[in-house]
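Please find below my notes on the model you sent. They are set out point by point.

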Amino acid sequence: MLTIFRGESLHKMDQKGRVSIPADFRKIIINENSTIENDVDNSTVVVVFGDSRQEYLECYPVPLSIEIHEKIKEKYNRGSAERDFLENFYETKSIFVQLDPNGRMLIPYSIRQKAALGSNVCFAGKGETFQIWNPERYASKQDKLEAMFRGEDEVLNPLVLLD
């Protein structure tokens, strides 16, 4: 079974904010969510819209969201600035979204506005998560990433970064 969100694809979003999730992504969400016992439907995804620095939506299967929550609780004391920041970013600035029977998610208007999402959106697999981008912002981000490893220190084979 696929367990890694991979690839990128462009999808249409309707005026109500409904967009079809790539089929492979849906399978991973359902598979990952089936590994835990809770009251959340297997077709639920956690959408983190974050603070003003985040230009995209980061989407998690529920178990990963729970794992992040537990790590925050383990690492930082209640009331600490770090814990407050992380809880605000990953819990306050996030929502549960249940996929409909057609594999679509409904992104609320205020969250679409924050991420500057229009009639086209770009899905980008990021391993344990996937992101939803405004296509122009996504292209700009990709250009910046590629530019980081060009010039004098050009990396011809990205795998060397793992050595």
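The points run from the overall fold to single residues.

1. Status and architecture. This is a predicted model. The chain contains five helices and eight strands. From the N terminus onward, these elements come in the pattern β-β-α-β-β-α-α-β-β-α-β-β-α.

2. Overall dimensions. The radius of gyration is 17 Å, which agrees with the value near 15 Å that a compact globule of 163 residues would have. Along the principal axes, the C-alpha atoms occupy a box of roughly 50 × 40 × 35 Å.

3. Burial and contacts. Buried residues make up 34% of the 163 in the chain. The exposed area comes to about 10,300 Å², with 49% of it supplied by carbon and sulfur atoms. Taking contacts between residues at least 6 apart in sequence, 64% of them link residues at least 24 apart.

4. Cysteines. The model has zero disulfides. C59 takes part in none, and the nearest cysteine sulfur to its own belongs to C122, 12 Å away. Why is there no bond from C122 to the closest cysteine sulfur? Two cysteine sulfur atoms must lie within 2.5 Å to count as a disulfide, and the sulfur of C122 is 12 Å from that of C59, so the gap is too far for a bond. C59 has 0% relative accessibility and therefore counts as buried. C122 also falls in the buried class, because its relative accessibility is 7% and the limit for that class is under 20%.

5. The surroundings of M13. Where does M13 sit relative to β1 and β2? M13 is placed in the loop between β1 (8-12) and β2 (18-20). Is this residue, M13, buried or exposed? M13 counts as buried because its relative accessibility is 6%. Apart from neighbours within four places in sequence, M13 contacts R18, V19, I107, R112, L117, G118, S119 and V121. M13 and R104 are separated by 91 residues in sequence, yet their C-alpha atoms are 9.5 Å apart in space.

6. Nonpolar surface patch. Which residues make the nonpolar surface patch of about 450 Å²? The patch is formed by L145, M148, F149, V160 and L161. Of these, V160 lies in the segment after α5 (135-147). V160 has 45% relative accessibility, so it counts as partly exposed.

Key:
Residues numbered from 1 in each chain as written. Predicted model: local features only at pLDDT ≥ 70, side-chain atom pairs only at ≥ 80, totals over all residues. Heavy atoms only, no water. Buried < 20%, exposed > 50% of the residue type's maximum accessible area, 1.4 Å probe, protein only. Patch = residues over 30% accessible without salt bridge, like charges linked within 9 Å, V, L, I, M, F, W, Y side chains within 5 Å. Areas by Shrake-Rupley, 256 points an atom, 1.4 Å probe, with all protein chains shown as cover. Salt bridge = Lys/Arg side-chain N within 4 Å of Asp/Glu carboxyl O. Helix = DSSP H or I, 4+ residues; strand = E, 2+ residues; numbered from the N terminus. Rg over C-alpha atoms; globule rule 2.2 N^0.38 Å. Contact = heavy atoms within 4.5 Å.
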